[in-house]
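Visitor: Hi, could you walk me through this structure? I'm new to this, so plain words please.

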Amino acid sequence: MNAPAPYEPRVPSDSMPPGRAALSVTWAALPFLTLGYATPFTFAAAALWRRSAHLLVSSAVYIGVFALMLYLLPDIGKQDGTQQAVGVLLFVLAVVGCGHAFLIRRRVFDPHGLAGIDNEAVVERVRRQRLLREKARELAASDPGLAKELRIGRPDLTRQYQDGGLVDVNHAPAEALTLLPGITPELAARIERVRAEAGGFVSAEEMSAVAGLPPQLTGDLADYTVFIR
């Protein structure tokens, strides 16, 4: 709960989640596994999905190669060189198409390099912490004695109860107070001194006013403080 560090841009992930990675490998292997017959459809589907000029051109090329191969197939054995031509076209569809697909599979399945970043899990974790703080405050308000026994708001003590990161301003030492957003060691010492003189606080607003804290901190402090009497 210290003041957040300066923002640093995150480098997009180089890896994809296992499920998406497996799907991308399967997609890229289709040209080879189908001996080239699925290559045009593989690239055409990707082109329709991603609306990429590169994929559109590639799918058009592979469709052209596939159509030429189908055109030549009936003439195998009838004209010299037809079998070799069909073999070259199949090689292009199966081997070249497979290699091409593996080269671009990340651009197809993870074009922004963000698939490995699970922001939803982070959001859910923050929401869970908020709920834990809310429940801990309710318990502290209804049964302060139990809250003290559970050591709610006492990160400086060993405890099992999960309070979502609360700090009990009325009992926590200065070291624990520095865990609050924006609270420096100097401000923590001031809070501790004023607390001893006033006998404690009842809210973040009162604490900010009496201890002379910067007004902009009050909102953040209210999120992470509890005042057990």
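Guide: Here is a short chat about some helices and a few single residues. This is a predicted model, where local features need pLDDT of at least 70 and side-chain atom pairs count only at pLDDT 80 or more, while totals for chains, interfaces and linings use all residues. Residues are numbered from 1 along each chain as its sequence is written, and side-chain values use heavy atoms, with hydrogens and water left out.

Visitor: Cool. Which residues does the UniProt annotation "transmembrane region" cover?

Guide: The unreviewed UniProt entry puts that label on residues 25-48, 55-73 and 85-104. Its positions are given in the numbering used here, feature names are shortened, and annotations may be inferred rather than shown by experiment.

Visitor: How much helix is there over residues 85-104?

Guide: That stretch is 100% helix and 0% strand, with its end C-alpha atoms 27 Å apart. Residues 55-73 come out at 95% helix and 0% strand, and there the end C-alpha atoms are 27 Å apart. Helices (H or I, at least four residues) and strands (E, at least two) are DSSP runs, numbered from the N terminus.

Visitor: At what angle do α1 and α4 pack?

Guide: Helix α1 (residues 18-33) and helix α4 (residues 82-109) pack at about 160°, and their axes are 6 Å apart. Axes are lines fitted to C-alpha atoms, for helices over the stretch in contact, and angles run from 0 to 180 degrees between N-to-C directions.

Visitor: So are they roughly parallel or roughly antiparallel?

Guide: Roughly antiparallel. Angles under 35 degrees count as roughly parallel, over 145 as roughly antiparallel, 65 to 115 as roughly perpendicular and the rest as oblique.

Visitor: Which residues make the contact?

Guide: Among them are Trp27 and Phe32 of α1, and Leu93 and Phe102 of α4. Contact means heavy atoms within 4.5 Å.

Visitor: New topic: what's odd about leucine 35?

Guide: Leucine 35 has a positive phi of about 55° although it is not a glycine. You'll find leucine 35 in the loop between α1 and α2 (39-50).

Visitor: Is leucine 35 buried or exposed?

Guide: Exposed, because its relative accessibility is 59%. Buried means under 20% relative accessible area, exposed over 50%, partly exposed in between (1.4 Å probe, protein chains only).

Visitor: And where does arginine 151 lie?

Guide: In the loop between α6 (144-149) and β1 (167-168). Arginine 151 has a positive phi of about 60° although it is not a glycine, and it is partly exposed at 35% relative accessible area.
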